[in-house]
Amino acid sequence: MTDENKKEKRVLNQFVRGLIGQYKYSQILTFFLISLQAAGNIVLPLLFQQIVDKSLPSGDMSSLMHYIMILVVVMVVALSTGYLGEILFEFTGLKVKKELNRRVIKKFLDVPYSFFIRNSSGELATHLISDIDNVTMMVSQILPITLLSLMQIAGILFVIFFMNWKLALIPVILFFVFYMLVAVINKQAQKKSLTERTLFGKMGAVIINILENIKFIKVGKPYGWLNSYFESHQENYIKSKKKLVFVLKLVGTLGNGMFGIIAFAVFSIGSYMVIKDMLTVGQLLAFWAYIQAIAGPLQLMIQVNMFKMSSYGSVKRVMGILDEKEEKRSDMVVPSVVSKLEAEDISFSFDQKSIIKNCSFSTRSGEITAIVGESGSGKSTIMNMLLGLYKAQEGNIFIYDGIKSYNITEYGISGAGYLEQESMFFKEGTIKDNILLGREVKADKFNEITLKTGVDDFVKKFEKGYDTLISEVSLSGGQKQLLAFARIMVDDPQVLLLDEITSNIDSHTEEKIQELLKQEKGKNKLIIIIAHRLSTIKSADRILMLSEGKICCEGKHEELLSTNEHYRNLVSIQTDKH
Ligand SMILES: Nc1ncnc2c1ncn2[C@@H]1O[C@H](COP(=O)(O)OP(=O)(O)OP(=O)(O)O)[C@@H](O)[C@H]1O
Ligand SMILES: [Mg+2]
């Protein structure tokens, strides 16, 4: 084992121990219960031996009854402690699962946005569901089961050693050989498990992606392509799973083979010893019963090993997510008034590809600034930088409250109201929950917001009004935008950042949003909108035009129309469209 492997194993074990450590008391209780069960299972063959060697030859009925009574008690105790132990395994498992889910969700909230660009949400969801399940099983079940099996095997070996050490050497040596073989196979299994988990995540992501695009699929019907697209991912996964199964099942087969050899050797050599008076028939019977009794825990250990190896990838992935570096939270005091925003020479690139190139601009409150430009010119990227989702690799962004400046390059404008083209909602929440998101506002203010944004017009038509679940209704694109607008109005944000919210809504809703923006502008808010529609662009007080990540011109609509060829071209395309 290389140092790297050793270190990795140590880290994995530490992680598992850390998780179990929190449930010390239930683990101690589980341990106690399974010890009783294990002890019961070890005592049973000894009782059989007593019956065969003592009660049967002497024909002593009372001693036979005596042993049978003890046998019944031991069996009842072993069964009931086993039952309680199993329940405790499950309960601990549920606790571990709850804790892991909580930790992973918290991690998702604390890692930088770039994490979600690197990892698809489909893969993350698959891992969250399946990998956490595996880790939970591993943590809650594997240790107690291993412990139980090991205790039983060790107890049995100890007793048979005591009975006849020469005969006992056979299983001991063969167990050792088996252990060495399993260690070699496990290494292979770990590698294969990692690949299998990755491909499983990919397949999950493909399924989620198909569901996300179901509307398009129903209309476009690309069934042939879709089938081969899905099947190719499924095939890859199945292939990797098969490779893993080949390795894992090898351990089981080896175990069975080895068990057969032990049984055969013990029986033949034991019979020879009985003939030579080196062993009593009762002892051979007990020995035989012990060897049979080893089969149970041994099978369990093999299954546990199989599960452990197939979960190896899961543990690594969950650990990987939990190890992701969290972003620092901003401790900046949010200014209650924002008078100006200034970007100084900001640049941003994705994987060495320069997207925003030395842009400088300033916008002020009481104005609507529109960012325009061709698709892919970097408009949303700039907005993501203002929001702190992407960090400028060069340059700085400042906001001013009229007295001092705040550098928001690292964390973005906290408390900005942000709307994008497709607003998302929490489907199992009510409309009211989705507007408030836990924030408390007076009924008057709530009514004012919903009336002003026009949300009330459509919500009052729903039977349950604001208590309607989002999943119960099918909101139109425009209604979603108005609802999202109401949601950001709850905080009365000083800065509004809107990314193409009017591009796929009807003109009536667009007018409504224009009106709302005008009102907000009247309240001296700082508003930046990314716009494609000419009507929205025209209504802006200032226009910033982006071209290939650079600001190519800046000014008012009429000014730019008469002075800038590039802008004229862009506008003529917009005019053709609308
Ligand atoms: N996660 C990413 N990884 C790599 N490149 C990206 C990523 N996100 C955006 N880009 C690239 O950055 C450039 C600017 O993208 P951006 O989304 O800012 O354009 P946009 O002006 O908003 O376009 P649109 O009008 O189509 O919304 C594009 O070339 C895009 O391919
Ligand atoms: Mg965009």
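**Exercise 1.** Which helix gives the largest share of the shell around ligand 1?

*Solution.* The model is a predicted one. Start with the residues around ligand 1: I117, F350, I355, G373, S375, G376, S377, G378, K379, S380 and T381. Helix α10 spans residues 379-386 and supplies three residues, the largest share of this shell. By character, the shell divides into three nonpolar residues, seven polar and one charged.

**Exercise 2.** Where in α5 does a kink lie, and what length does this helix reach?

*Solution.* Helix α5 covers residues 121-163, 43 in number. From first C-alpha to last, α5 reaches 60 Å, close to the 63 Å expected at 1.5 Å a residue. The kink, of about 35°, lies at Q141, shortly before the proline P144.

**Exercise 3.** How are α8 and α9 oriented to each other, parallel or antiparallel?

*Solution.* Helix α8 (residues 223-275) packs against helix α9 (residues 281-323) at an angle of about 170°, and their axes are 10 Å apart. Angles over 145 degrees count as roughly antiparallel, so α8 is roughly antiparallel to α9. Next, take the contact: residues of α8 including L244, F259 and V274 meet residues of α9 including V281, W288 and M309. The residues of this contact divide into 19 nonpolar, five polar and no charged.

Terms used: Residues are numbered from 1 along each chain as its sequence is written. Chains are lettered from A and ligands numbered from 1 in the order in which they are written. This is a predicted model: local features need pLDDT of at least 70, side-chain atom pairs count only at pLDDT 80 or more; totals for chains, interfaces and linings use all residues. A residue is near a molecule or strand if its C-beta atom, placed from the backbone, lies within 6 Å of it. Helices (H or I, at least four residues) and strands (E, at least two) are DSSP runs, numbered from the N terminus. Ala, Val, Leu, Ile, Met, Phe, Trp, Tyr, Cys and Pro count as nonpolar, Asp, Glu, Lys and Arg as charged, and the others, Gly among them, as polar. The expected span of a helix is 1.5 Å times one less than its number of residues. The bend at a residue is the angle between axes fitted to the seven residues ending there and the seven starting there. Axes are lines fitted to C-alpha atoms, for helices over the stretch in contact, and angles run from 0 to 180 degrees between N-to-C directions. Angles under 35 degrees count as roughly parallel, over 145 as roughly antiparallel, 65 to 115 as roughly perpendicular and the rest as oblique. Two residues are in contact if their C-beta atoms, placed from the backbone, lie within 7 Å.
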